[in-house]
Amino acid sequence: MRAETLRTPVYLVDEAALIHNLEILHGVEERTGCHILLAQKAFSMFRVYPLIAKYLSGATASGLYEARLAHEEFGKENHVFCPAYTDEEMAEICKICDHISFNSLRQLEHHRPVWEAAGVSVGLRVNPAHSTQEGHAIYDPCAPGSRLGILRSALGDSLPAGVEGLHFHTLCEQDSAPLVETFQAFEEKFGQFLHGLKWLNLGGGHHITREGYDLAALEKLILYIRDKYDVEVYLEPGEAIALNAGTLITTVMDVVENTMPILILDASAACHMPDVLEMPYRPPLLGAGMPGEKAVTCRLGARTCLAGDVIGDYSFDKQPEIGDRLVFGDMAIYSMVKNNTFNGMPLPDITLRHPDGSCEIVRQFGYEDFKGRLS
Ligand SMILES: Cc1ncc(COP(=O)(O)O)c(C=O)c1O
């Protein structure tokens, strides 16, 4: 099947682009001895877990369900971090995960009998209290008042018995310089605990597969940590694994006019690419320009009732017509994992383009998927 014949809306993940990213990430593992995990919160297309598992050390989860998915479909190292686990979840998690990070000393102690008996490697997520992001406070776990990570002031002179690792996650779509800076802040506050530990997890937010990312600085830092503290170093990027490795293809269903032509699409920002509204950001659109850059500027909106369900204003050489297909870029990450059926909107199909150009329909959704989440 060719991409042009897929029904829309559809997420089309590109296997060759995925492999390109995985090769870069595997290179970092090979040159530094670190372990890279897939953060499933960004990309949980388990059809390609066996492919990802050929290159990476394992997966990490935000809770029981993602952990179970990795256990069933990934089959390598299985890590989990959640700010709070129920007793039932902890019992399950201890059967399927090899690394568990806790967000508080209370959670660590509450679940101690279970994780101790299971022999799982446990760690604490700490907060280096060093912000390196501007403009996206929602993605800054070091912002004042953050609930994520234990502050240095909450720890004494030594870590509780049984703790084998530390974890911090502070970055979002960043290069290695903010990581180096954050590590220095972390080291100053928590470095004394590292000697004698087994592992340090540097979280996600590393845009390793982005063009121009400073790989050498990342690798130098990992080697420094391994050398000085003799710990295994983990990175758990999500975005970097499937960055620019997928599109969302949509069809123009109608054109209305209000100060400019407004294209009504079968894709929705609110339902199919929520980060466009949440982050917010303007997704790249193949062949289109910034408003005013090309001959015709159009607004792109969804067929939901939400007035603000607008993807953005884009310019074109020629105004798109009803039935034309538009292709949004970088839609593998934080898209299918966050989509929803608000307004009873159909979910986009999930498809995969193989390196030979042929497309495979991995999953199609329908009315039952909408009804099945309701009662
Ligand atoms: C604890 C943790 N690890 C990893 C990630 C993955 O981050 P990214 O997809 O930005 O690489 C996140 C993202 O929120 C996170 O909270």
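Biologist: Which strands form a hairpin with three residues between them, and which residue in the turn has a positive phi?

Modeller: In this predicted model, strand 10 and strand 11 form that hairpin, and Thr 259 in the turn has a positive phi of about 65°. The two strands run antiparallel and are joined by five bridges. One of the pairings is that of Glu 257 with Pro 261 in strand 11.

Biologist: In which sense do strand 11 and strand 12 pair?

Modeller: Strand 11 (residues 261-265) pairs with strand 12 (residues 296-302) in the parallel sense, over four bridges. Leu 263 stands opposite Leu 300 of strand 12. Strand 11 is mostly covered, with four of its five residues buried.

Biologist: How should one read a helix, and which residues of helix 1 are buried?

Modeller: An α-helix has 3.6 residues a turn, so residues three or four places apart point the same way. Helix 1 covers residues 15-32 and reaches 26 Å from its first C-alpha to its last, close to the 26 Å expected. Its buried residues include Leu 18, Leu 22, Leu 25 and Val 28. Among the elements covering the buried residues of helix 1 are strand 1, strand 2, helix 8 and strand 15. Just after helix 1, Gly 33 takes a positive phi of about 80°.

Biologist: Where in the chain is confidence lowest, and where is it highest?

Modeller: Where pLDDT is low, the predicted coordinates should not be read in detail. Here the chain averages a pLDDT of 97, and 100% of the residues score at least 70. Confidence is lowest in helix 11 (residues 275-278), at a mean of 96, and highest in strand 2, at 99.

Conventions:
Residues numbered from 1 in each chain as written. Predicted model: local features only at pLDDT ≥ 70, side-chain atom pairs only at ≥ 80, totals over all residues. Heavy atoms only, no water. Expected span 1.5 Å × (residues − 1). Buried < 20%, exposed > 50% of the residue type's maximum accessible area, 1.4 Å probe, protein only. Contact = heavy atoms within 4.5 Å. pLDDT = per-residue confidence, 0-100. Pairing = 2+ DSSP bridges.
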